[in-house]
Amino acid sequence: MSQNTAYYTLGRTGLRVSRLSLGVMTFGTEWGWGSDKSAARRIFDSYVEHGGNFIDTADVYTNGTSETWLGEFVKERGLRDQLVIASKYTFNLGDKNANGGGNGRKNLMRAVEGSLKRLNTDYLDLYYLHAWDQVTPVEEVMRTMDDLVRSGKVRHVGLSDVPAWYAARAQTLAEWRGYEPVSALQLQYSLVERNLEHEHARVATELGMGITVWSPLASGLLSGRYRKDAKPDGRLAAMQGNGNPAFQHLTERNWRIVEALEDVANEVDRPMAQVALNWVANRPGVASVIVGASKPEQLDVNLKALDFTLPPALVQRLDEASAAPVPFPYYFFTNAMQGMMYGGATVGDKPAGYTAPVLISGTGSGVE
Ligand SMILES: NC(=O)c1ccc[n+]([C@@H]2O[C@H](COP(=O)([O-])OP(=O)(O)OC[C@H]3O[C@@H](n4cnc5c(N)ncnc54)[C@H](OP(=O)(O)O)[C@@H]3O)[C@@H](O)[C@H]2O)c1
């Protein structure tokens, strides 16, 4: 049985979610890559048939097609109650309306109605602010999110692509003002993008937010389908040089990481995609890894990513190969500097498992 029939509670909620969620940004070809409807349906079917219950979309994905198709597939199989559906708002959908984008109350109330309509549902299990707009007060966002929870349109609240200080302030406000707390922090994380380790991972674990990881394969780079000396195809080719840093992964540094990943994958005799997903799924603070696929065969490979344990020595090799210089002030928090604070005394971590979430066995509690 796939490890995706095990569910963890998300953040400090009672909501049980799969460790591998399905990202459906690939549903639709409006952005020049992704899947047509029949491939999208097969990807959805395969995910739920393997026990997955956590699906991630956004109003902006493929100009609304992602939400629309997801709503149709869920309805066709009668799975609304079993699935945890997450969506997001922030981006302007192209109507040149100054308040048709951003994090403000007016846009938030407009956007949620649009998502509910396209998804053909009465409620969202998890609703994220998609990205910080730098102007809307966090008080306005958290109060409006709480209104949506009280109205029954949203069950749980998340933040995506925000600075760590913003997440900390949002959570503190929620705690002190009795708002629905933030239960998920959605961020880019992979062997080639580890910046969240400086602040967000600690904020998430300290304040009860589960990290939901996006682009765990760096848009496909870590699947091994891209080669240094070969002309790129797929999404990274389509998005090359388009100015969006989230897709500019074909760099010398990253080729070195791909090389190390390939060596480890060969040693454990697993596809590179599975090793890369396994590595990120087991990082501190990670609640669920949002897996992307434009073809059902890709998803079949990815859904087996948790069916094995990477030996610690190989995890260390991946850690070292993907490590980046630690900037100020974070090098003050490394072991070498911390040691100076305790005068050489050993101050150990709590035993493993002390703070680990309880693993809920899948029997009878999920989508079979
Ligand atoms: N919050 C945010 O700002 C944000 C941003 C981005 C994504 N997301 C969410 O995160 C989800 C996942 O992100 P992502 O799609 O970028 O994830 P990803 O895993 O980094 O990339 C997925 C892509 O990698 C390739 N791929 C995946 N598995 C493969 C395999 N086994 N063999 C060969 N190629 C493989 C495919 O590329 P091809 O299609 O080229 O074949 C696939 O579309 C999205 O669906 C979305 O829900 C959120």
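This report describes the annotated domain, the ligand site and two local backbone features of a predicted model.

**Annotated domain**

An unreviewed UniProt entry lists residues 19-322 as "domain: NADP-dependent oxidoreductase". Across residues 19-322, helix accounts for 42% of the chain and strand for 14%. The C-alpha atoms at the two ends of this range are 23 Å apart.

**Ligand site**

The ligand sits in the second largest pocket. Two elements give two or more residues each to the shell around the ligand, namely helix H7 (234-238) and helix H10 (296-302). Of these, H10 supplies 3 residues, the largest share of the shell.

The ligand has 30 residues around it, and those that come nearest are Asp-56, Asp-161, Ser-215, Arg-225 and Ser-294. By residue class, the shell holds 11 nonpolar, 14 polar and 5 charged residues. Asp-56, one of the nearest residues, falls within strand S4 (54-56).

Polar contacts to oxygen atoms of the ligand involve both backbone and side-chain atoms, and three of them are set out below.

| Residue | Protein atom | Distance to a ligand oxygen atom |
|---|---|---|
| Ser-294 | polar side-chain atom | 2.7 Å |
| Ala-218 | polar backbone atom | 3.2 Å |
| Pro-216 | backbone N or O atom | 3.5 Å |

Ser-294 thus appears both among the residues that come nearest to the ligand and as a side-chain partner of a ligand oxygen atom at 2.7 Å. On its own, the ligand has 900 Å² of accessible area, and the protein covers 93% of this area.

**Local backbone features**

Most residues other than glycine have a negative phi, and most peptide bonds are trans. Two sites in the model depart from these patterns, one in each respect.

At Asn-63, a residue other than glycine, phi is positive, with a value near 55°. Asn-63 belongs to the loop that runs between strand S4 (54-56) and helix H2 (65-77).

The second site is the peptide bond from Phe-328 to Pro-329, which is cis, its omega being near 0°. Pro-329 is located in the loop between helix H11 (312-322) and helix H12 (335-341). The annotated domain covers residues 19-322, and helix H11 likewise ends at residue 322.

Notes: Residues are numbered from 1 along each chain as its sequence is written. This is a predicted model: local features need pLDDT of at least 70, side-chain atom pairs count only at pLDDT 80 or more; totals for chains, interfaces and linings use all residues. Side-chain values use heavy atoms; hydrogens and water are left out. UniProt positions are given in the numbering used here, feature names are shortened, and annotations may be inferred rather than shown by experiment. Helices (H or I, at least four residues) and strands (E, at least two) are DSSP runs, numbered from the N terminus. A residue is near a molecule or strand if one of its heavy atoms lies within 4 Å of it. A polar contact is a pair of N or O atoms within 3.5 Å; within protein, one must be able to donate a hydrogen and the other to accept it, and residues adjacent in sequence count only if both atoms are side-chain atoms. Accessible areas come from the Shrake-Rupley method with a 1.4 Å probe; for residues, only the protein chains shown count as cover. On a 1 Å grid over the protein atoms alone, a cavity is a set of points where a 1.4 Å probe fits but cannot get out, and a pocket is an open set with protein on both sides within 12 Å along at least five of seven lines; lining residues have an atom within 4 Å of a point. A molecule sits in a cavity or pocket if more than half of its atoms lie within 2 Å of its grid points. Ala, Val, Leu, Ile, Met, Phe, Trp, Tyr, Cys and Pro count as nonpolar, Asp, Glu, Lys and Arg as charged, and the others, Gly among them, as polar.
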